[in-house]
Number of protein chains: 2
Amino acid sequence: MAPTNTALIYKQVPSGAPVPGKDLVVEDVQSVSEAPKGGILIQVLYSSLDPYLRGLLRDPSIKSYFPAFQPGNPMQTLSIGKVIQSSTNQFKEGDLVEGRLPIQRFVAIDSDQLKGISKSQADPNDSEFDIRHYLGALGMPGLTAYSSFYEIGKPKKGECIFVSSAAGAVGQVVGQLAKHEGLTVIGSVGSDEKLDLITKDLKFDSGFNYKKESPKDALKRLAPQGIDIYFENVGGEHLDAAIENMNKFGRIIACGMIAEYNAKDESEKYGHKNLMMIVGRQITMRGFLVGEDPSCGPKHKDDHQRNVKKWLKDGSFTAKIHEWDISEGDKGFVGMLKGENFGKAVLKVS
Amino acid sequence: MAPTNTALIYKQVPSGAPVPGKDLVVEDVQSVSEAPKGGILIQVLYSSLDPYLRGLLRDPSIKSYFPAFQPGNPMQTLSIGKVIQSSTNQFKEGDLVEGRLPIQRFVAIDSDQLKGISKSQADPNDSEFDIRHYLGALGMPGLTAYSSFYEIGKPKKGECIFVSSAAGAVGQVVGQLAKHEGLTVIGSVGSDEKLDLITKDLKFDSGFNYKKESPKDALKRLAPQGIDIYFENVGGEHLDAAIENMNKFGRIIACGMIAEYNAKDESEKYGHKNLMMIVGRQITMRGFLVGEDPSCGPKHKDDHQRNVKKWLKDGSFTAKIHEWDISEGDKGFVGMLKGENFGKAVLKVS
């Protein structure tokens, strides 16, 4: 008898914030126990929870940069798994693989789907790095941070960077990179515990809890000299304040705007009124997607792996991971959107 | 007796759109008939009217990239004049000079102020180019257009550019440069007469009158394939529509936002709600000031002069000039802000 199979099912398009147990549900699904002909059977170990996934829980008729999820199916995300059975020469039993997989314990991948799967950079025999880092600081969020910080941020020693969502998967990497390059780092977080995390564990110069102090007030207090780079994960008031406090020739690295993802309609979106400052202050704002922009991914991949591994090993770099079990996958996803995670959010699937 | 001297005086900070004869007044002022010791006496011939000057008619306590004008004095702007009397070796009688000068028929420049004055690139003995072009296509607006189009726009043959304020001093140059580079050019203007100007005289591929059709509707109709570059002179609905219709890796050249200059307070400003598209579409938006950004001025100066002169000479380039007389300088300035000018707006001062 095949082992129980469990999945995180996307039930319906949420209105506003997704509701656990309603829009997203953890369910037992059909078991799979055999690799399809020419394919593999994967036991999914960890799945990545990322803010951009919220954008895929939308009416499929609305086009966007990633195709929408289809209700009734498991959510899909970058995951790491182990090959349990193989009917192809490409992979052998025991290989660690990664790719965009359904959030589901056991997954059968047929020969057509194999092209989306690659050997994981994690070595199953190397106990040096927690394999979960390959979904975080050593994976997509890490490369997102690394490539855009250098490529778009063009950091110069002595400058000041403001990092929003600073205790998140991307923010924690950006802030530490900036410290490494000799910048003054200010982080924004959503709780006092996270403020401790970024200023004590991650060694940011300062930070604030945006639920207690507005970004405008905080930047006036913490960056009287102005900021030179803004790492944008949040949007809304954060972006407004960043523009208002930006120095001449400032750079805005536009990675995401999580404050807007749950907006039900236009009326819930923030209206930006200070874009004229982009002209007067000669600001560059650039959006990017790590998987698509040739200058923000591939170009920096080797440096990213080499350097972040070195810094993790010598202890000069900290990569926090926040784990939920698949049994609370729905709550975990919604919690990640609310910012309940400290560091990279992952689901332990098996 | 010295000849009558007339000036365009900035009387008071306007609330909303400046009112001719009230906020700005044309007045006779003290005559000057002699060059100060070590200085020169200039007869101002033409003064440039530019949208950015609106930003200088503000409460002087509000800091911005240019210092505010002081009420009670003539407005100052880039101007071309002729040296009438010289008491310095630097200039001789009859020289054409340019610099930031008061809008006033006769101006005495002392030795301290001389550093702001240079010989005009216009040759008084060369009848080839209308000297007014040195305030337009061959001057600051031309270099603004030229340098940012290449530097920020990074145009590629076959792409589509949307130019706002397309019949203005900068817009007319941008659109023709883009045609020269093999782009499809769409222009936005504020009257049907200007629509004729850009599509017939300037050979843009298409255009629309934004007072009759919203930029969103127009771009849907005229650029079903999307736009790759947006030249931003206007802000508000124009910027909104440009972002909404922009292709992946699009560029926004942020030169100005004239729609916002007369806003009395925040409530009159447009609230932008689609900035998240900057992330998903991987858009770069960059503001610049031609006089400050080393990559958007000096770097392209020689190419700009050489090429635009060549194209004006061989007739492949049209540079419209709209002239008001100093006697209606107040109305001219306000008219320029309203978009009454066809092409570069100048004041004939003498």
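At what angle do helix H4 and helix H5 of chain B pack? I shall begin there, and then widen the view to the sheet and the interface. Please keep in mind that the structure before you is a predicted model.

The answer is an angle of about 35°, with the axes of helix H4 (residues 215-222) and helix H5 (residues 236-244) of chain B lying 8 Å apart. The crossing of these two helices is right-handed. On the side of H4(B), the residues taking part are B:Pro215, B:Lys216, B:Leu219 and B:Lys220. They meet B:Glu237, B:His238, B:Asp240, B:Ala241, B:Ala242 and B:Glu244 of H5(B). Sorted by class, this contact of H4(B) with H5(B) holds 4 nonpolar, 1 polar and 5 charged residues.

Let us turn to chain A. Here the axes of helix H4 (residues 215-222) and helix H5 (residues 236-244) come within 8 Å and cross at roughly 35°. The crossing of H4(A) and H5(A) is right-handed. From H4(A), the contact draws on A:Pro215, A:Lys216, A:Leu219 and A:Lys220. From H5(A), it draws on A:Glu237, A:His238, A:Asp240, A:Ala241, A:Ala242 and A:Glu244. The class count for H4(A) with H5(A) is 4 nonpolar, 1 polar and 5 charged residues.

I now move to the sheet to which both chains contribute. A general reminder may help: the strands of a sheet pair through backbone hydrogen bonds, in either a parallel or an antiparallel manner. In this model, 12 strands form an open sheet with mixed pairing. Reading across, the order is S11(A)-S10(A)-S9(A)-S12(A)-S13(A)-S14(A)-S14(B)-S13(B)-S12(B)-S9(B)-S10(B)-S11(B). The edge strands are S11 (206-209) of chain A and S11 (206-209) of chain B, each of which pairs on one side only. From one strand to the next, the twist averages 15°.

Where do the two chains join within this order? Strand S14 (residues 284-287) of chain A pairs with strand S14 (residues 284-287) of chain B, in the antiparallel sense and over 3 bridges. Within this pairing, A:Met285 stands opposite B:Met285. On the chain A side of the sheet, helix H3 (residues 192-201) lies across strand S10 (184-189) and S11, and runs at about 170° to S11(A).

The next topic is the interface as a whole. The size of an interface is often given as the accessible area lost when the parts come together. For chain B and chain A, about 2700 Å² is buried between them, with 63% of it on carbon and sulfur atoms. Three residues, B:Lys273, B:Met276 and B:Val279, supply 23% of the area that chain B buries against chain A, more than any other three residues. In terms of contacts, 33 residues of chain B touch 33 residues of chain A. There are also 2 salt bridges across the interface. A:Glu292 forms a salt bridge with B:Lys248, and their closest N and O atoms are 3.0 Å apart.

Chain A also has a smaller arrangement to examine, an open sheet of 3 strands in the order S2-S1-S4, with antiparallel pairing. Its edge strands are S2 (24-29) and S4 (73-74) of chain A. Strand S1 (residues 5-10) of chain A pairs with S2(A) over 6 bridges, and one of the residues involved, A:Ala7, has A:Glu27 as its bridge partner in S2(A). Helix H8 (residues 329-338) of chain A packs on this sheet, touching S1 and S2, and its direction makes about 150° with that of S2(A).

I close with individual residues of chain B. B:Tyr150 lies in helix H1. Leaving aside residues up to four places away in sequence, B:Tyr150 touches B:Pro155, B:Leu177, B:His180, B:Glu181, B:His300 and B:Trp311. B:Tyr150 and B:Ala178 are 28 residues apart in sequence, and their C-alpha atoms are 9.5 Å apart in space.

Which residues of chain B deserve a look for their backbone angles? B:Lys154 is not a glycine, yet has a positive phi of about 40°. B:Lys154 sits in the loop between helix H1 (140-151) and strand S9 (160-163) of chain B. B:Lys203 likewise has a positive phi, near 65°, and is found in the loop between helix H3 (192-201) and S11 of chain B.

Terms used. Residues are numbered from 1 along each chain as its sequence is written. Chains are lettered from A and ligands numbered from 1 in the order in which they are written. This is a predicted model: local features need pLDDT of at least 70, side-chain atom pairs count only at pLDDT 80 or more; totals for chains, interfaces and linings use all residues. Side-chain values use heavy atoms; hydrogens and water are left out. Two strands pair if DSSP finds at least two bridges between them. Helices (H or I, at least four residues) and strands (E, at least two) are DSSP runs, numbered from the N terminus. Axes are lines fitted to C-alpha atoms, for helices over the stretch in contact, and angles run from 0 to 180 degrees between N-to-C directions. Contact means heavy atoms within 4.5 Å. A crossing is left-handed if the near helix is turned anticlockwise from the far one by less than a right angle, and right-handed if clockwise. Ala, Val, Leu, Ile, Met, Phe, Trp, Tyr, Cys and Pro count as nonpolar, Asp, Glu, Lys and Arg as charged, and the others, Gly among them, as polar. Buried area is the accessible area (1.4 Å probe) that two parts lose on being put together, summed over both. A salt bridge is a side-chain nitrogen of Lys or Arg within 4 Å of a carboxyl oxygen of Asp or Glu.
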